[in-house]
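Dear colleague,

I am handing over the structure we spoke about, and below it I have written out what was found in it. Please read the notes with the model open beside you.

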Amino acid sequence: QVQLVESGGGLVQAGGSLRLSCAASGAIFSTAAMGWYRQAPGKQRELVATITSGKTTNYADFVQGRFTISRDNAKNTVNMQMNSLKPEDTAVYYCNVRSLVVPSYTYWGQGTQVTVSS
């Protein structure tokens, strides 16, 4: 069983920065991707960014170079530096671990609120 604990959310003005962190307890295999998703009120949860153990990254189009995801395989942590934040980035951000091979599995953190004021 894997548990994910997020931290780093908060309130920031537009144009500001936040750094989200996620620590995983339990075994994270090299075949798993780690990443961040977000869900705004009334909207579906959407992918923000993912990273493999080999440090291959994938970003949503709306990131537009503002966010940087990183991963420490030895510490089982994934971080995301968010710069140039916009009010539309306001959402609950969830850490995710997802297997890329069979058997498939996915784990979610409890979420951390990010609020960007205009």
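Thr50 is found in strand E5, which covers residues 46-51. The model is a predicted one, and every value in this message was computed from it. With a relative accessible area of 11%, Thr50 is buried, because the limit for that word is under 20%. Once its neighbours within four places in sequence are left aside, Thr50 is in contact with Met34, Gly35, Tyr37, Thr56, Thr57, Asn58 and Ile69. Tyr37, one of those contacts of Thr50, comes back below as a member of an aromatic cluster.

Gln64 offers a contrast, since its place is in the loop between strand E6 (57-59) and strand E7 (67-72). Gln64 counts as exposed at 58% relative accessibility, because exposed means over 50%. Between the C-alpha atoms of Gln64 and Trp108 there are 25 Å, with 44 residues separating the two along the chain.

Trp108 leads on to the aromatic rings. The count of aromatic pairs comes to 3, and two of the pairs can be described here. In one of them, Tyr37 and Trp108 meet edge-to-face, at 5.1 Å centre to centre and with 70° between the planes. Tyr37 lies in strand E4 (residues 32-39) and Trp108 in strand E10 (residues 106-108), so this pair ties together parts that are 71 residues apart in sequence. Tyr37 counts as buried at 14% relative accessibility, whereas Trp108, with a relative accessible area of 36%, is partly exposed. Another edge-to-face pair is formed by Tyr94 and Trp108, where the rings are 6.4 Å apart centre to centre and the angle between the planes is 90°. Because Tyr94 lies in strand E9 and Trp108 in strand E10, the pair ties together parts that are 14 residues apart in sequence. Tyr94 is buried, and its relative accessible area is 14%. Taken together, Tyr37, Tyr94 and Trp108 form one aromatic cluster.

A charged residue also belongs in this part of the picture. The charged end of Arg45 sits over the ring of Tyr94, at 3.7 Å from the centre of that ring. The charged end of Arg45 also sits over the ring of Trp108, in this case 4.5 Å from the ring centre.

Strand E9, which holds Tyr94, also holds one end of a disulfide. A search of the whole structure finds 1 disulfide, and it is formed by Cys22 and Cys95, whose sulfur atoms are 2.1 Å apart. Cys22 is in strand E3 (residues 18-25) and Cys95 in strand E9, so that the pair, 73 residues apart, links distant parts of the chain. The torsion about the S-S bond of Cys22 and Cys95 is about -85°, and the disulfide is therefore left-handed. Both ends count as buried, Cys22 at 2% relative accessibility and Cys95 at 0%.

Turning to the sheets, strand E3 is part of an open sheet of 4 strands, in the order E1-E3-E8-E7 and with antiparallel pairing. Its edge strands are strand E1 (3-7) and E7, each of which pairs on one side only. From one strand to the next, the twist averages 15°. E7 is joined to strand E8 (residues 77-82) by 6 bridges, and the two run antiparallel. Within this pairing, Arg71 has Val78 in E8 as its bridge partner.

Strand E11 (residues 112-117) is the last element to look at, and it has pairings with two other strands. Strand E2 (residues 10-13) runs parallel to E11 and is joined to it by 4 bridges, with Leu11 standing opposite Thr115 in E11. Strand E9 (residues 91-99) pairs with E11 in the antiparallel sense over 3 bridges, and here Tyr93 has Thr112 in E11 as its bridge partner. In a regular strand, side chains alternate between the two faces of the sheet. In E11, Thr112, Val114 and Val116 make up the covered face, while Gln113, Thr115 and Ser117 make up the uncovered one.

With best regards

Key:
Residues are numbered from 1 along each chain as its sequence is written. This is a predicted model: local features need pLDDT of at least 70, side-chain atom pairs count only at pLDDT 80 or more; totals for chains, interfaces and linings use all residues. Side-chain values use heavy atoms; hydrogens and water are left out. Buried means under 20% relative accessible area, exposed over 50%, partly exposed in between (1.4 Å probe, protein chains only). Two strands pair if DSSP finds at least two bridges between them. Contact means heavy atoms within 4.5 Å. Rings of Phe, Tyr and Trp (its six-membered ring) pair if their centres lie within 6.5 Å; planes under 30 degrees apart count as stacked, over 60 as edge-to-face and the rest as tilted. A charge sits over a ring if NZ of Lys or CZ of Arg is within 6 Å of the ring centre and within 35 degrees of the ring normal. Axes are lines fitted to C-alpha atoms, for helices over the stretch in contact, and angles run from 0 to 180 degrees between N-to-C directions. A disulfide is a pair of cysteine sulfur atoms within 2.5 Å.
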